[in-house]
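Reader: I have a sequence and a model open on my screen, and I would love some company while I look through them. Could you take my questions one at a time?

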Amino acid sequence: MTRLLRAPRECGSWYWDLYDFAEPGLRSALAVAARMCDVLAGLELLTPTALRYRWYVLDVGATGVTTTLGLTGELSDPSVPERVVGSRPTAQPAADIADIDVLGAGKWIDADGRSWTEFELVNLSLSTAPTGLSAEIRVHHDVWGWHDFAGRPQPAVYEKNAPRLTAALTELTSLLGMAPEPGEPTYFGASTREGIATREVQEDGMGPDVTDRL
């Protein structure tokens, strides 16, 4: 069982409009995802193990079908786009993919310097829409903030984890040739170009409502 609490909304998110960086479409999105994951995996924030995507039909809408495809090798493997297309629901031959989530685990470090593995420590998703490619990173845990979800200072945890998130955002900015657009603040945190700033505590003295991830 995980040692971390996961917020139902993101603590921070960062969005890149990649219209001028790469062509739209599935193959292009997967190629960009692989390059972004090289950065994230290098900092032990996200090592991809699966892809999750939802199917829709143009001018009709969502099919209600979601596919999770396990990766048997590298995300950059040339066979991955064909495997994704090959998983199209047989009852929906006209179905296409709008968004792709890259699933995997990352490592966080506790106050004593011990490293722990957490599934979906960092979330990466890409849009394959024909109008233009985009990417987004989200985080849902409190290890990136100076305070935990209960409002208690955690400088040792912050200092061991937040710089890695900042380094990832810096490297991705260099890779993609543009800084990300920080997402809207949520109850659990506010994004900045360098990381997140978490709320300390609710007015009633209670921390945010978070859930255990089993």
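Reader: Is Tyr158 buried, partly exposed or exposed?

Author: Happy to start there, keeping in mind that this is a predicted model. The relative accessible area of Tyr158 is 29%. Buried would need under 20% and exposed over 50%, so Tyr158 with its 29% is partly exposed.

Reader: How many aromatic pairs are there in the whole structure, and how do the planes of Trp146 and Tyr158 make that pair stacked, tilted or edge-to-face?

Author: Searching the whole structure gives four aromatic pairs. In the pair of Trp146 and Tyr158, the ring centres are 5.1 Å apart and the planes meet at 70°. Planes over 60 degrees apart count as edge-to-face, so the pair of Trp146 and Tyr158 is edge-to-face.

Reader: Which parts does that pair tie together, and how many residues apart are they in sequence?

Author: Trp146 sits in the loop between strand E8 (134-139) and helix H3 (155-176), while Tyr158 belongs to helix H3. Trp146 is partly exposed, at 38% relative accessibility. The pair therefore ties the loop to helix H3, parts whose separation in sequence is 12 residues.

Reader: What about Tyr187 and Phe188: which of them is buried and which is partly exposed?

Author: Their ring centres are 5.4 Å apart with planes at 85°, so this pair is edge-to-face as well. Tyr187 has a relative accessible area of 29% and is partly exposed. At 7%, the buried one is Phe188.

Reader: Which residue forms one aromatic cluster with Tyr187 and Phe188?

Author: The cluster contains both Tyr187 and Phe188. The residue that completes this aromatic cluster is Phe149.

Reader: Over to the strands: which residue stands opposite Val57, and which turn residue has a positive phi?

Author: Strand E3 (residues 47-57) and strand E4 (residues 61-70) are antiparallel, paired over seven bridges. Val57 stands opposite Gly61 in E4. E3 and E4 make a hairpin with three residues between them, and the turn residue with a positive phi, about 65°, is Asp59.

Reader: How many bridges join E3 to E5?

Author: E3 runs antiparallel to strand E5 (residues 96-109). Thr47 stands opposite Ala105 in E5. The number of bridges joining E3 to E5 is eight.

Reader: Last one from the bench: how many disulfides does the structure hold?

Author: Cys11 is buried at 1% relative accessibility, and Cys37 is buried at 3%. A disulfide is a covalent bond between the sulfur atoms of two cysteines. The number of disulfides in this structure is zero.

How values were computed:
Residues numbered from 1 in each chain as written. Predicted model: local features only at pLDDT ≥ 70, side-chain atom pairs only at ≥ 80, totals over all residues. Heavy atoms only, no water. Pairing = 2+ DSSP bridges. Helix = DSSP H or I, 4+ residues; strand = E, 2+ residues; numbered from the N terminus. Phe/Tyr/Trp six-rings, centres within 6.5 Å; stacked < 30°, edge-to-face > 60°. Buried < 20%, exposed > 50% of the residue type's maximum accessible area, 1.4 Å probe, protein only. Disulfide = S-S within 2.5 Å.
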